[in-house]
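I opened my notebook for a friendly look at charged pairs and nonpolar cores. Here is what I looked up, in the order I went.

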Amino acid sequence: MATHRGLKLVKSRRRKAGGDFGRYGLKDAGGAEVFGFGPDGLTADAGAIRDFLRGGMRSDWSSSVAATPGRKGAAKPKPAPKSKPQPKSAPPPKPRFKPEVANLLRALPEAKDDEVFADLLKRPGVRIERIVSRGQATPEDAPMVQDWDEWVVLLQGAAGLRIEDSAEVRLAPGDHLLIAAGQKHWVTWTARDRPSVWLAVHLDG
């Protein structure tokens with residue numbers, strides 16, 4: 001403890017009668033007497049030295065605490081601000097109508113005897129129809145011909161088609177072509193094992 005406080009412990013070595021044997025004193029680093037010295041030598045026993053050092057350490061600790069800047073106590077955390085209730089969003093408007101959805105490939109007619117024609121849309125200058133075939137073909141001596149352009153696409157099945165002055169073309173699902181007004185044309189064959197579905201767009205003018 002003496003060394004920790006920067007002091008030096010002095011021990012008596014004199015054993016003569018009435019001497020200070022068994023006594024102690026404390027000096028500072030410069031050799032000045034601090035505690036336990038009297039006219040006749042050393043005066044403090046081990047307990048007095050210990051009490052002096054402990055008392056001095058408590059005094060130093062108290063002074064250090066008093067002089068140390070800082071908060072006296074931890075500040076209480078501020079409560080988080082209460083969130084304002086969010087306004088309820090307005091419900092989406094109800095639809096004013098319900099679209100009618102149809103499917104060109106559902107509920108197909110058998111079309112085993114004759115092709116089946118169904119108009120899907122009619123507007124001035126345009127008509128859209130679905131044609132369902134199953135094994136039918138155009139007679140060679142009765143070609144089809146119209147006074148308007150016709151765009152046609154095969155949606156399902158398989159078929160062959162020939163336009164005047166051209167060779168036959170084989171059509172698979174997704175194939176489409178334009179037949180000009182006044183052109184003679186023939187459906188040379190259609191699949192017999194399944195329906196072939198055409199979408200024809202007739203363009204007038």
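How many salt bridges does a search of the whole structure find? I ran it on this predicted model and got five.

**Entry 1: R127 and D119**

I started with R127, which makes a salt bridge with D119; their closest N and O atoms lie 3.0 Å apart. Next I checked how open the two partners are. R127 has a relative accessible area of 23%, so I logged R127 as partly exposed. D119 comes out at 39% relative accessibility, which also puts D119 in the partly exposed class.

**Entry 2: R162 and E140**

Then I looked at R162, whose side chain meets that of E140 in a salt bridge, at 2.8 Å from N to O. I traced where each partner sits: R162 belongs to strand 9 (residues 159-163), while E140 lies in the loop between strand 7 (126-133) and strand 8 (149-156). With 22 residues separating the two, I noted this pair as a link between distant parts of the chain. Is E140 buried or exposed? E140 reaches 55% relative accessibility, and therefore counts as exposed.

**Entry 3: D193 and R194**

My next pair was D193 and R194, a salt bridge with 2.9 Å between the closest N and O atoms. I have D193 down as exposed because its relative accessibility is 56%. R194, at 36%, is partly exposed. I then asked which residues are joined into one network by salt bridges that share partners. They are D119, K122, R127 and E129, and I recognised R127 and D119 from my opening pair.

**Entry 4: the nonpolar cores**

After the charges, I turned to the nonpolar side chains. In soluble globular proteins, such side chains tend to be buried together. The largest nonpolar core here holds twelve residues, and I listed I131, V152, L154, A159, L161, I163, L171, L177, I179, V187, W198 and A200. Which elements give two or more residues to this core? I found strand 8, strand 9, strand 11 (176-179) and strand 13 (196-203). Strand 9 gives the most, with three residues.

I picked I131 from this core for a closer look at its contacts. Leaving aside residues up to four places away in sequence, I131 touches E115, V116 and F117, as well as S196, V197, W198 and A200. Of these, W198 and A200 are also on my list for the largest core.

My last note is on a second, separate core of six residues, which includes A2, L7, I49 and L53.

Key:
Residues numbered from 1 in each chain as written. Predicted model: local features only at pLDDT ≥ 70, side-chain atom pairs only at ≥ 80, totals over all residues. Heavy atoms only, no water. Salt bridge = Lys/Arg side-chain N within 4 Å of Asp/Glu carboxyl O. Buried < 20%, exposed > 50% of the residue type's maximum accessible area, 1.4 Å probe, protein only. Helix = DSSP H or I, 4+ residues; strand = E, 2+ residues; numbered from the N terminus. Core = buried A, V, L, I, M, F, W, Y, C linked by side-chain atoms within 4.5 Å. Contact = heavy atoms within 4.5 Å.
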